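Biologist: Would you take me through this structure by question and answer? Please explain how each conclusion is reached.

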Amino acid sequence: MRKLAILGSTGSIGTQALDVVKRHSDRFEVTALAAHSSSEKLFEQVRVFHPKIAALTVEPKDIPADIRNACQWMFGEDVLLRVVRACDAQDVLVSVVGVVGLAAVMESLSCGKRVLLANKEPLVAGGELVTEAARKAGHPLLPVDSEHSAIFQCLQGAQGNTPERLILTASGGPFRTWKKEDIFYAKKEQALKHPNWNMGRKITIDSASMMNKALEVIEARWLFDMPPEKIDVLIHPQSVIHSMVEYADGAVMAQLGTPDMRLPILYAMSWPERLTTGGKKLNFAEMNALTFEQPDLDRFPGLGLAYKALAAGGTTCAILNGANEIAVDAFLNDRIVFGCIPQLVEETMNAVASISHPTLEQVFESDFAARRKARELLEAGRFSH
């Protein structure tokens with residue numbers, strides 16, 4: 001029985017993780033649940049899973065009488081850190097949105113807890129710091145992203161064979177076949193219609209712009225200690241092959257499965273064991289074809305920014321990430337058109353100075369500086385169309 005804390009329990013990954021817990025209640029116990037502001041969903045989760053600690057960043061007006069004394073309640077901006085310190089969980093699933101997850105990951109590792117990482121930003125913004133903290137803690141970072149989980153699974157079969165190339169697959173999103181000018185002026189409703197995956201709004205927009213794949217390239221660089229030039233992206237519209245590893249002897253290992261996030265979630269939770277998700281299994285006889293394409297950096301310039309940021313080093317990746325969060329928020333609030341997202345990110349990267357070998361505080365300083373500069377560029381009207 002492993003004890004689990006879920007940070008971001010009311011989001012897409014958090015709710016699917018709880019589905020997995022329900023299926024394997026003899027193997028996992030939820031001891032802490034934390035969410036941002038979705039109080040009603042959290043209240044229902046407390047009723048079902050009976051955690052010792054429940055937390056919200058935004059304090060609700062009232063807690064229902066039937067669960068008011070059912071557990072310890074925590075509220076406030078620093079609630080994730082307090083939950084990590086107070087809970088008796090062995091594993092912490094970090095599935096919150098944004099750079100706020102970085103501090104939670106670092107705190108979890110410093111407390112000796114194993115981190116199941118569904119939040120991209122910790123490795124994107126603080127990759128060097130996080131991987132060093134994980135090394136000191138003596139725990140592997142267990143990826144929950146389907147692509148990084150796939151690579152992690154493929155590496156389990158290396159048997160001494162040297163991995164030479166990581167191949168991250170991408171669905172291509174809703175605009176895979178669109179012309180450049182049509183993508184530039186794509187509407188919000190169109191960008192939020194992902195063809196294969198059901199995800200939160202921010203990551204769905206990132207998928208449509210392929211900025212999510214840029215973030216995943218940066219993650220993979222740190223997670224698997226692989227130089228950027230040996231990390232490729234391949235468009236695979238069917239989302240059956242979740243990623244691949246090419247080895248020195250020429251063999252390529254791929255991890256395949258239906259587009260179901262419960263598989264990578266459960267693999268991270270149960271590693272090094274494998275448990276069943278109960279989800280739909282692949283039927284190869286029903287597949288017409290598996291197809292692949294090179295990504296088009298002219299139509300999706302956000303992907304190229306990952307390699308630019310990694311080449312620059314220091315806190316440039318944190319700057320990219322902070323600027324992207326502001327850009328996506330601006331698009332979702334109708335302040336800029338879709339094609340301006342990578343433009344705003346790149347201009348912010350060019351304007352904000354990077355810090356080499358940063359401390360955790362300096363990573364947050366760069367993130368703050370990036371957000372401030374991106375907002376300044378927005379206010380100046382540089383990206384209004």
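Biologist: In which strand is Gln255 found?
Modeller: The model is a predicted one. Residues 252-256 form a strand, and Gln255 falls within that run. The element is strand E11.

Biologist: Is Gln255 buried or exposed?
Modeller: A residue is called buried when its relative accessible area is under 20%. Gln255 has 9% relative accessibility. Gln255 is therefore counted as buried.

Biologist: Leaving aside neighbours within four places in sequence, which residues are in contact with Gln255?
Modeller: Contact here requires heavy atoms within 4.5 Å. Ala150, Gln153 and Cys154 are among the partners of Gln255. The others are Val240, Ile241, His242, Ser243 and Leu263.

Biologist: Where is Ser239 found, and is Ser239 buried or exposed?
Modeller: Ser239 belongs to the loop between E9 and strand E10 (241-247). Its phi is near 55°, a positive value in a residue other than glycine. With a relative accessible area of 5%, Ser239 is buried.

Biologist: Asp225 also has a positive phi; is Asp225 buried or exposed?
Modeller: Asp225 is not a glycine, yet its phi is about 50°. Asp225 sits in the loop between helix H10 (211-223) and strand E9 (231-235). The cut-off for exposed is over 50%. Because Asp225 has 62% relative accessibility, Asp225 counts as exposed.

Biologist: Which peptide bond is cis, with omega near 10°?
Modeller: The bond in question leads to Pro272. Pro272 lies in the loop between helix H11 (262-270) and helix H12 (302-312). The cis bond runs from Trp271 to Pro272.

Biologist: Why is helix H4 described as largely enclosed by the rest of the structure?
Modeller: Helix H4 covers residues 100-110. Its buried residues are Gly101, Leu102, Ala104, Val105, Met106, Glu107, Ser108 and Leu109. H4 is largely enclosed because the buried residues number 8 of the 11.

Biologist: Against which elements do the buried residues of H4 pack?
Modeller: The partners include both strands and helices. The strands are E1 (2-7), E5 (91-94) and E6 (114-117). The helices are H3 (79-86), H5 and H15 (360-379).

Biologist: Which residue takes a positive phi just after H4?
Modeller: H4 comprises residues 100-110. Just after this helix, a phi of about 80° occurs. The residue is Gly112.

Biologist: Which helix gives the most to the largest nonpolar core?
Modeller: In soluble globular proteins, nonpolar side chains tend to be buried together. The largest nonpolar core here has 126 residues, and Leu7, Trp73, Leu93, Val144, Ile336 and Phe338 touch the most other members. The helix that gives the most, with 11 residues, is H13 (residues 316-332).

Biologist: Leaving aside neighbours within four places in sequence, which residues are in contact with Leu93?
Modeller: Leu93 is one of the core residues that touch the most other members. Its contacts include Leu4, Ala5, Ile6, Leu7, Ile13 and Ala17. The remaining partners are Leu116, Ala118 and Val144.

Biologist: How does Val58 count in terms of accessibility?
Modeller: Val58 is placed in the loop between strand E3 (53-56) and strand E4 (72-75). Leaving aside neighbours within four places in sequence, Val58 is in contact with His36 and Ser37. Its relative accessible area is 40%, so Val58 is partly exposed.

Biologist: What separates the C-alpha atoms of Ala137 and Lys3?
Modeller: Ala137 is found in helix H5 (residues 121-137). Ala137 counts as partly exposed because its relative accessibility is 25%. Ala137 and Lys3 are 134 residues apart along the chain, and their C-alpha atoms are separated by 18 Å.

Biologist: What is the radius of gyration of the chain, and does the value agree or disagree with a compact globule?
Modeller: The chain has 15 helices and 11 strands. Its C-alpha trace spans about 55 × 55 × 40 Å along the principal axes. With 385 residues, a compact globule would have a radius of gyration near 21 Å, so the chain agrees with its value of 20 Å.

Biologist: What percentage of contacts between residues at least 6 apart in sequence join residues at least 24 apart?
Modeller: Buried residues make up 55% of the 385 residues in the chain. Among contacts between residues at least 6 apart, those joining residues at least 24 apart come to 68%.

Notes:
Residues numbered from 1 in each chain as written. Predicted model: local features only at pLDDT ≥ 70, side-chain atom pairs only at ≥ 80, totals over all residues. Heavy atoms only, no water. Helix = DSSP H or I, 4+ residues; strand = E, 2+ residues; numbered from the N terminus. Rg over C-alpha atoms; globule rule 2.2 N^0.38 Å. Buried < 20%, exposed > 50% of the residue type's maximum accessible area, 1.4 Å probe, protein only. Core = buried A, V, L, I, M, F, W, Y, C linked by side-chain atoms within 4.5 Å.
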